[in-house]
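I opened a fresh notebook page for this one and went through the model piece by piece. Here is what I looked up, in the order I wrote it down.

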Amino acid sequence: MKKRISVLGCGMVGSAIAADLSERYQVTVFDKSPLALQRLASFYPVETSVADLSVRQMVIDAIGECDLVINAVPGYIGFQTLETIIDQSRNVVDISFFEQDAFLLDELAMERGVIAIVDCGIAPGMSNIILGHHAETMDVGSFECYVGGLPKERKLPWQYKAPFSPIDVLEEYTRPARIVKDNMIVVKPALSDAEMIDFPEIGTLVAFNTDGLRSLIKTMDVPDMIEKTLRYPGHIELMSILRDSGFFSKDKIKVDDHWVSPLSMTSRLLFDEWKLHDGEMDFTIMKVIVEGKGKDHETRYTYNLLDRADVKTGFSSMSRTTGYTCTAAATLVLEDCFTRVGICPPEYLGKDHFQEIMDYLRERNVCFSVNQL
């Protein structure tokens, strides 16, 4: 009998995850959008069910007696959903990228005997796996990650399309960014320290601070670590104006007779503006640099990824790169290859399963190149 998977969320990434896993497992997808569910089910052998996943009981009903849960809900309900999943003693792979510290649920996961892999996308996710792998074989001195998902066609004023819920992207533009410098945690404003980086295949992009290190700050003893997001030049100036003008504030304001959150309003307005429509192409670009001392000399590894949307399936690049990292981890759990109980950030996977995950991605045409100096 095929193992059963509940996928919570049928957005762009959740759909790619469900489609990939449906080739080998029995998959049921839950979402509040009947249209999104119908569209997925018309192309892939998945079962679907309409559910409001912000409601705890609906989450409990959705996961039922499944063998594994994929948590692909928006970040603002990600933590509470993960807590419910763990409390119900279900193994889970999470890509909701919530703001809270996942290790707050470690004790509960240990008590319930649950494997909970969190932050398992492209970055955080694959970037962590790369660092976790090298930390096993060398004394890592520095780690740098530059990553972005962008539309192929630049359209003013935004020059951006969101593979996730816009509110999750806007959170990245307001949340203070933590980096590690000389073994000290340094907090920087989001969107700060902009620098131009040239990529031969794409052109010049701008990199800026976001809070992407997340669990690495706790789990990796590396003196210098930084993660920066990549966008087309001009995007962060526009985002900075909106942020500084209060459009990203969570504090409700009164408009006529109604109290509204500026962040919720802005997110709703940007939903259509930032949506990838049928036929629109995107790409994911990523550079990870790991430096340190090997057995007898200093070594530098540089990983590069340029992935493009899949014309055949219609899945965006960010859906593929995020989703297939998640499904690689899910497969390791389902096949009893990864059995560590508790909260498990992706760097834990890098220790013993790096090559398996790289091979899994390559089979799906997500291909990293690596240079060693």
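**Entry 1: two helices.** I noted to myself that this is a predicted model. I started with how α11 and α12 sit, and found that the two are oblique to each other. The numbers behind that are an angle of about 120 degrees and axes 10 Å apart, for α11 at residues 317–334 and α12 at residues 347–363. I checked the cut-offs too: 65 to 115 degrees would count as roughly perpendicular and over 145 as roughly antiparallel, with the rest oblique. The crossing of α11 past α12 is right-handed.

Next I listed who meets whom. From α11 I have Y324, T325, T327, A328, A329, T331 and L332, and they meet L349, H353, E356, I357, Y360 and L361 of α12. Sorted by class, this contact has eight nonpolar, four polar and one charged residues.

**Entry 2: the parallel sheet.** I traced an open sheet of seven strands with parallel pairing, and its order reads β3-β2-β1-β4-β5-β6-β17. At the edges stand β3 (47–50) and β17 (342–344); each has a single partner strand, so one side of each is left without a neighbour in the sheet. From one strand to the next, the twist averages 20 degrees.

I zoomed in on one pair of this sheet. Strand β4 (residues 68–71) and strand β5 (residues 92–94) are joined by three bridges in the parallel sense, and I70 stands opposite V93 of β5.

Then I looked at the loop between β5 and α5 (106–112), where F97 lies. F97 is not a glycine, yet its phi is positive, at about 50 degrees.

**Entry 3: cis peptides and a covered helix.** I looked up the cis peptide bonds here. One joins A123 and P124, with omega about 0 degrees; P124 is in the loop between β6 (115–117) and α6. Another joins L156 and P157, with omega about 5 degrees, and P157 belongs to the loop between β7 (139–151) and α7 (166–172).

Since P124 had led me to α6, I checked that helix as well. Helix α6 (residues 126–135) is mostly covered, with eight of its 10 residues buried. I wrote down the buried ones: M126, S127, N128, I129, I130, L131, G132 and H134.

**Entry 4: a hairpin.** I moved on to β8 (residues 177–181), which pairs with β9 in the antiparallel sense over five bridges. A177 has K188 of β9 as its bridge partner. The two strands form a hairpin with two residues between them.

D182 caught my eye in the turn, with a positive phi of about 50 degrees although D182 is not a glycine. Is D182 buried or exposed? I read 54% relative accessibility for D182, and the cut-off for exposed is over 50%, so D182 counts as exposed.

**Entry 5: a buried alanine.** My last stop was A190, in the loop between β9 (184–188) and β10 (195–199). Its relative accessibility is 3%, so I noted A190 as buried.

Which residues does A190 touch, leaving aside those up to four places away in sequence? I found E172, Y173, T174, R175, P176, A177, N209 and R243. A177 is thus on this contact list and is also paired with K188 in the hairpin.

I also took one distance: the C-alpha atoms of A190 and A109 are 31 Å apart, for two residues separated by 81 places along the chain.

Conventions:
Residues numbered from 1 in each chain as written. Predicted model: local features only at pLDDT ≥ 70, side-chain atom pairs only at ≥ 80, totals over all residues. Heavy atoms only, no water. Helix = DSSP H or I, 4+ residues; strand = E, 2+ residues; numbered from the N terminus. Buried < 20%, exposed > 50% of the residue type's maximum accessible area, 1.4 Å probe, protein only. Contact = heavy atoms within 4.5 Å. Axes fitted to C-alpha atoms, helices over the stretch in contact; angles between N-to-C directions. Parallel < 35°, antiparallel > 145°, perpendicular 65-115°, else oblique. Left-handed = near helix turned anticlockwise from the far one by under 90°. Nonpolar A, V, L, I, M, F, W, Y, C, P; charged D, E, K, R; others polar. Pairing = 2+ DSSP bridges.
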